[in-house]
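Reader: I am new to reading protein models, and I would like to go through this one step by step. Could you show it to me before I begin asking?

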Amino acid sequence: MTDERTALATRLMHAGLAGFENGAAPVNMPVVRTSTVRFASSADYERLHKQRHDGEDVATYGRHGTATHRALEAVIGELEGAAHALLAPSGASAITLVFLALLSPGDHVLIQDSVYGPVRERIEPLLARFGIAATYFAAQDGPPRHALRATTRLVYVESPSSFLYEVVDLPAFGAFAREHGLLLAADNTYSAGVLHRPLEHGAHISIQATTKYIGGHSDIMQGAVATNDRALALRLRDTHDALGLAVGADDAYLALRGARTLGVRLAQHARHALAIAEYLQTESAVARVYHPALPDDPSHALWRRDFQGANGLVSFAFARGKTPDAARAFVDALRLFAQGASWGGFESLALIAPASRLRVHGYFTEDAPVVRLHAGLEDPADLIDDLRRAFRLTCT
Ligand SMILES: Cc1ncc(COP(=O)(O)O)c(C=O)c1O
């Protein structure tokens with residue numbers, strides 16, 4: 001058995017395994033699908049419903065999940081260093097769950113300007129309809145004291161941020177939240193719990209799109225919310241129940257399976273991304289490379305302090321004078337990088353960052369298109385050759 005002194009890689013192999021029955025067990029937790037939960041007697045029905053009512057993690061209906069979901073929650077708990085984890089049908093629904101569970105009409109939330117785009121474009125308008133106000137802040141300026149209101153309840157960050165990988169000084173934000181009685185929630189999708197644990201740096205809640213590295217194979221949509229605060233966990237669970245956020249048992253199984261190889265995949269993605277980032281720095285068509293493991297990245301010092309590594313994402317801004325058409329020609333010339341919006345699977349991807357999403361980032365200073373790459377598990381020399389060929393074809 002493992003305890004908290006055991007390395008995460010070891011704990012990840014031992015959490016959420018199938019239990020022994022009659023002295024034997026499969027390694028993997030089976031896919032347990034159900035809508036109805038059957039009870040052996042009315043006494044069992046009443047006992048288990050009372051336990052659930054009292055906050056115990058007992059399923060009395062399929063929507064609450066099965067042994068497969070509990071096993072995945074245990075793995076998420078290991079990854080995030082959390083006592084409580086809840087699953088959601090996508091990363092976006094996990095984020096919405098947190099906002100809806102923690103905020104009420106009249107409340108105010110502080111949101112980092114460089115968060116995942118749909119938070120600004122979809123979730124904030126939803127909050128506004130319910131009378132919840134939001135103010136955006138640039139995380140590189142530190143905790144946004146100037147934007148505090150008497151009604152501020154929550155600070156929401158994503159570190160490193162979408163597209164440009166701006167690292168947030170989470171301990172400073174944690175201290176700010178404690179000083180003003182606020183809750184601090186962090187999107188931890190970039191790190192998947194392996195590279196960084198927001199709950200250990202002052203956040204109350206950590207959120208992941210397990211769609212990405214935990215799934216790891218671009219075949220599921222899923223999210224997770226983790227916390228060490230039991231009262232918060234119960235609040236989240238009530239809203240989770242009200243929203244009916246059920247996750248299919250097959251998807252929970254796939255995420256569980258992905259989690260077993262998460263550490264080795266992530267390390268390989270990171271090696272490939274760093275090799276690509278270093279190559280991009282030598283390209284004359286490139287003005288700037290965004291990757292926190294590069295020593296000259298503005299977030300490098302914070303990243304070294306608070307992170308155990310980087311992932312497979314790297315972005316670059318074209319040199320001044322390159323137009324969006326040049327960026328389109330470049331990504332169209334790539335052969336090994338597919339064009340697609342997600343990341344975290346085994347495949348390499350390229351995406352022209354939407355200008356509307358970059359413009360709102362206080363961190364963004366370039367005047368040229370930006371391309372985000374996800375380094376997949378192909379041989380990195382082949383990936384670099386593909387990039388070099390596309391630059392030669394379209395940028396000379
Ligand atoms: C940082 C981040 N958070 C959340 C999400 C949303 O996850 P999902 O696509 O599973 O809804 C994404 C998806 O791209 C993301 O990049």
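Reader: In what order do the seven strands of the open sheet lie, and which of them stand at the edges?

Author: In this predicted model, the seven strands form an open sheet with mixed pairing, and their order is E1-E7-E6-E5-E4-E2-E3. Neighbouring strands in this sheet are turned against each other by 20 degrees on average, direction ignored. Each edge strand has a single partner strand, so one side of each is left without a neighbour in the sheet, and the strands in that position are E1 (84–88) and E3 (133–137).

Reader: In which sense do strands E4 and E5 pair, and which residue of E5 stands opposite Glu 158?

Author: Strands of a sheet pair through backbone hydrogen bonds, and the pairing can be either parallel or antiparallel. For E4 (residues 152–158) and E5 (residues 183–187), the pairing runs over five bridges and its sense is parallel. The residue of E5 that stands opposite Glu 158 is Asp 187.

Reader: Which strands does helix H7 lie across, and at about what angle does it run to E1?

Author: Helix H7 covers residues 230–243, and it lies across E1, strand E6 (205–208) and strand E7 (223–227). Taken against E1, the direction of H7 makes an angle of about 20 degrees.

Reader: How do helices H3 and H8 pack, and how do the residues of their contact divide by class?

Author: The axes of H3 (residues 67–80) and H8 (residues 249–260) are 9 Å apart and make an angle of about 35 degrees, and H3 passes H8 in a left-handed crossing. On the H3 side the contact has Thr 68, His 69, Ala 71, Leu 72 and Val 75, while the residues they meet in H8 include Ala 252, Tyr 253 and Leu 256. By class, the residues of this contact are nine nonpolar, two polar and no charged.

Reader: Which residues come nearest to the ligand?

Author: There are 13 residues around the ligand, and by class this shell has four nonpolar, seven polar and two charged residues. Those that come nearest are Ser 90, Gly 91, Ala 92, Ala 209 and Thr 211.

Reader: What is the order of the open sheet of five strands, and which strands stand at its edges?

Author: This open sheet has mixed pairing, and its strands follow the order E8-E9-E12-E11-E10. One side of each edge strand is left without a neighbour in the sheet because each has a single partner strand, and these edge strands are E8 (286–290) and E10 (338–339).

Reader: Which residue of E12 stands opposite Val 314, and which strands does helix H9 touch?

Author: Strand E9 (residues 313–318) and strand E12 (residues 370–374) pair in the antiparallel sense over five bridges, and the residue opposite Val 314 is Leu 373 in E12. Helix H9 (residues 262–280) packs on this sheet with its direction at about 15 degrees to that of E9, and the strands it touches are E8, E9 and E12.

Reader: How many Å separate the centres of domain 1 and domain 2, and how many residues does each give to the contact?

Author: The domain assignment of the chain gives domain 1 as 8–260 and domain 2 as 262–395. Taken over C-alpha atoms, the centres of domain 1 and domain 2 are separated by 28 Å. To the contact, domain 1 gives 34 residues and domain 2 gives 33 residues.

Definitions and conventions. Residues numbered from 1 in each chain as written. Predicted model: local features only at pLDDT ≥ 70, side-chain atom pairs only at ≥ 80, totals over all residues. Axes fitted to C-alpha atoms, helices over the stretch in contact; angles between N-to-C directions. Helix = DSSP H or I, 4+ residues; strand = E, 2+ residues; numbered from the N terminus. Left-handed = near helix turned anticlockwise from the far one by under 90°. Contact = placed C-beta atoms within 7 Å. Nonpolar A, V, L, I, M, F, W, Y, C, P; charged D, E, K, R; others polar. Near = placed C-beta within 6 Å. Pairing = 2+ DSSP bridges. Domains from an automatic or database assignment.
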